[in-house]
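Here is a short set of exercises to work through at your own pace. Keep the viewer open, try each task yourself, and then compare your steps with the worked solution.

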Amino acid sequence: MFPQTNRIAKHISNIYHVVPEFPWTNYPYDALFRNLNTKKWYALITEEEAIHLKYHPHDIQQLLNKPGYYPSYRMNEKYWISILLDDTLADEEMLKHIEISYSLSL
């Protein structure tokens, strides 16, 4: 397990006051984070140690040209992006992306 996976999951829980949900029996290690008010998803951390985040469609293509960013293979690629939690991106940068994703769940 990548250390960043645990750090980011703890940051999300502390900042947004949520605990991850584990709703799928087929994917028991996939942690879903949703907005407490709207119930909309804003982050999914998968067993493959990637985080899937909702994002502005017009910004996704620019991010895909940078190291560490991938098309979301578990979500709609038009609105979601995947980032490996292998410390390629600093936690601070990850938290900025999570904040954007969270704002899109309001």
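**Exercise 1. Pairing around β5**

In what sense do strand β3 and β5 pair, and over how many bridges? Then find what else pairs with β5, and work out why β5 counts as largely enclosed.

*Solution.* Keep in mind throughout that this is a predicted model.

Step 1. Strand β3 covers residues 50-54, and its pairing with β5 is antiparallel, with five bridges. To find one of these contacts, start at K54, whose bridge partner in β5 is W80.

Step 2. Now turn to strand β4, residues 69-71, which also runs antiparallel to β5 and is joined to it by three bridges. Here P71 has I81 of β5 as its bridge partner.

Step 3. Strand β5 spans residues 80-84, and four of these five residues are buried, so the strand is largely enclosed by the rest of the structure.

**Exercise 2. A hairpin and its loop**

Describe the pairing of β1 with β2, then find which residue of their hairpin takes a positive phi.

*Solution.* Step 1. Strand β1 (residues 31-34) and strand β2 (residues 41-45) are antiparallel partners, linked by four bridges. Across this pair, R34 is opposite W41 of β2.

Step 2. Six residues lie between the two strands of the hairpin, and K39 has the positive phi, near 70°. K39 is not a glycine.

Step 3. Check its exposure: K39 has a relative accessible area of 48%, so this residue is partly exposed.

Step 4. For a second case, go to the loop between β2 and β3, where E49 sits. E49 also is not a glycine, yet has a positive phi of about 60°. Its relative accessibility is 13%, and because buried means under 20%, E49 counts as buried.

**Exercise 3. The two sides of α1**

Does the span of helix α1 agree with its number of residues or disagree? Next, sort residues of α1 into buried and exposed.

*Solution.* Step 1. Helix α1 has 14 residues, which at 1.5 Å a residue should span 20 Å; the end C-alpha atoms are 20 Å apart, so the two values agree.

Step 2. Pick out the buried residues of α1: Q4, T5, I8, I12 and Y16. They cover an arc of only 105° around the axis, so they lie on the same side of α1.

Step 3. Look at the other side of α1, where P3, K10 and N14 are exposed.

**Exercise 4. The largest pocket**

What is the volume of the largest pocket, and which residues are closest to its centre?

*Solution.* Step 1. The volume of the largest pocket is about 230 Å³. It is lined by 13 residues, and M1, T5, N6, Y29 and I45 are the closest to its centre.

Step 2. Ask which element gives the most to this lining: helix α1 (residues 3-16) does, with four residues.

Step 3. Sort the lining by class, and you get seven nonpolar, three polar and three charged residues.

**Exercise 5. H52 in its strand**

Is H52 buried or exposed, and how far apart are H52 and E99 in space?

*Solution.* Step 1. Locate H52 in strand β3. At 0% relative accessibility, H52 counts as buried.

Step 2. Compare sequence and space: H52 and E99 are 47 residues apart in sequence, while their C-alpha atoms are 13 Å apart.

Conventions
Residues are numbered from 1 along each chain as its sequence is written. This is a predicted model: local features need pLDDT of at least 70, side-chain atom pairs count only at pLDDT 80 or more; totals for chains, interfaces and linings use all residues. Side-chain values use heavy atoms; hydrogens and water are left out. Two strands pair if DSSP finds at least two bridges between them. Buried means under 20% relative accessible area, exposed over 50%, partly exposed in between (1.4 Å probe, protein chains only). On a 1 Å grid over the protein atoms alone, a cavity is a set of points where a 1.4 Å probe fits but cannot get out, and a pocket is an open set with protein on both sides within 12 Å along at least five of seven lines; lining residues have an atom within 4 Å of a point. Grid points are joined across faces, edges and corners, and a volume is the space filled by probe spheres set on the points. Ala, Val, Leu, Ile, Met, Phe, Trp, Tyr, Cys and Pro count as nonpolar, Asp, Glu, Lys and Arg as charged, and the others, Gly among them, as polar. The expected span of a helix is 1.5 Å times one less than its number of residues. The arc is that of the directions from the helix axis to the C-beta atoms.
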